[in-house]
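Work through the exercises below with the structure open beside you, and try each task before reading its solution.

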Amino acid sequence: QREQVEQRLRIGNQRAGMATELQQMHGNLVALANSRDAAGHALFGGETAAEAYTLDGVIGEGGMGVVYRATDHVRQRHVAIKTLHGSLMGDASIRRRFAREARLSMRWSHPHVVAAYDFIEHPDMIALVLELVEGLTLEQHFEIWASALPLRELKPLFFGVLDAMAEAHKRGIVHRDLKPQNVLLRVDVTGIHPKVTDFGIAKV
């Protein structure tokens, strides 16, 4: 019983931490919208980050940052926003790596790669706006099956990933962290479609 109580407390603390992170992120978007240069001019004209995006909740959290589900009001679509943890914002090398991933992701596209739409950089915030893929990772999909996948399902999964990596290699990009955890799955009436993500340590 004590273990159950401690587990509930841990879950409650995690949820509280995510809620605080969400509030801080929203505050950073508002601050970004109100940013002014030395002459008092708005740094972002028209479509500011705060006006363009509304954060709807947390999708997931890792060691380096948080991924939020958000609404893009300008283009009328749901997106994912990947941000750095506030505690890492002062690390110049990590910021450079994050910015590099953003530039790399935005310079090419492929049906089986998560699309990158926008990059937001500010002293208090750095974020990458991505295509929202609502589904499991390939790793989670394997865990659910817990046995050999049917060939009819296996072929499009792996051919899709291989096709994406072949295109990346033609462009001189080596992912270097390709694993089931970094392949998202989109499911529709035509089947399961893999989407490779996380080019954070890719080599160009």
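**Exercise 1. Strand β3 and its partners**

Task: Determine which strands pair with β3, how they run, and whether β3 is enclosed or open.

Solution: Begin with strand β2 (residues 65-72), which is joined to β3 by eight bridges, the two strands running antiparallel. Bear in mind throughout that this is a predicted model. Within this pairing, the residue opposite Arg77 of β3 is Asp72. Next, look at the hairpin of β2 and β3, where four residues lie between the strands and where Gln76 adopts a positive phi near 55°.

Now turn to strand β5 (residues 125-131), which is connected to β3 by five bridges and also runs antiparallel to it. One pair to locate here is Lys82 with its bridge partner in β5, Leu128.

Finally, consider burial, for which the cut-off is a relative accessible area under 20%. Six of the eight residues of β3 (residues 77-84) are buried, and therefore the strand is largely enclosed by the rest of the structure. As a last step, return to Arg77, which lies over the face of Tyr117, at 3.7 Å from the ring centre.

**Exercise 2. An aromatic pair and the core around it**

Task: Find the aromatic pair, describe its geometry, and then place Phe199 in the nonpolar core.

Solution: The structure contains one aromatic pair. Its members are Trp108 and Phe199, whose rings are 6.0 Å apart centre to centre with 85° between the planes, which makes the pair edge-to-face. The pair brings together distant parts of the chain, since Trp108 sits in the loop between α3 (92-106) and β4 (116-122), while Phe199 sits in the segment after β7 (191-196), 91 residues apart. Both Trp108 and Phe199 are buried.

The next step is to look at the largest nonpolar core, which has 16 residues, and in which Val196 and Phe199 touch the most other members. The elements contributing two or more residues to this core are α5, β6 and β7, and α5 contributes the most, with five. Apart from this core lies another one, of 15 residues, including Met89, Phe98, Leu132 and Val133. In soluble globular proteins, nonpolar side chains tend to be buried together.

To complete the picture of Phe199, leave out residues up to four places away in sequence; among the residues that Phe199 then touches are Leu104, Trp108, Met165 and His175.

**Exercise 3. A histidine in a loop**

Task: Is His175 buried or exposed, and which backbone atoms does its side chain approach?

Solution: First locate His175, which belongs to the loop between α5 (151-170) and β6 (183-188). Its relative accessibility is 2%, so His175 counts as buried. Then follow the side chain of His175, which comes to 3.0 Å from the backbone oxygen of Thr197. A polar atom of this same His175 side chain also lies 3.2 Å from the backbone nitrogen of Leu178.

**Exercise 4. A leucine in a helix**

Task: Explain why Leu138 counts as buried, and identify what Leu138 is in contact with.

Solution: Leu138 is part of helix α4 (residues 138-145). Because its relative accessibility is 6%, Leu138 counts as buried. When neighbours within four places in sequence are set aside, the contacts of Leu138 are Leu157, Pro180, Val183 and Leu185. Lastly, compare sequence with space: Leu138 and Leu184 are 46 residues apart in sequence, and their C-alpha atoms are 6.1 Å apart.

Methods. Residues numbered from 1 in each chain as written. Predicted model: local features only at pLDDT ≥ 70, side-chain atom pairs only at ≥ 80, totals over all residues. Heavy atoms only, no water. Buried < 20%, exposed > 50% of the residue type's maximum accessible area, 1.4 Å probe, protein only. Polar contact = N/O pair within 3.5 Å; in protein donor to acceptor, adjacent residues only side chain to side chain. Phe/Tyr/Trp six-rings, centres within 6.5 Å; stacked < 30°, edge-to-face > 60°. Lys NZ or Arg CZ within 6 Å of the ring centre and 35° of its normal. Pairing = 2+ DSSP bridges. Core = buried A, V, L, I, M, F, W, Y, C linked by side-chain atoms within 4.5 Å. Contact = heavy atoms within 4.5 Å.
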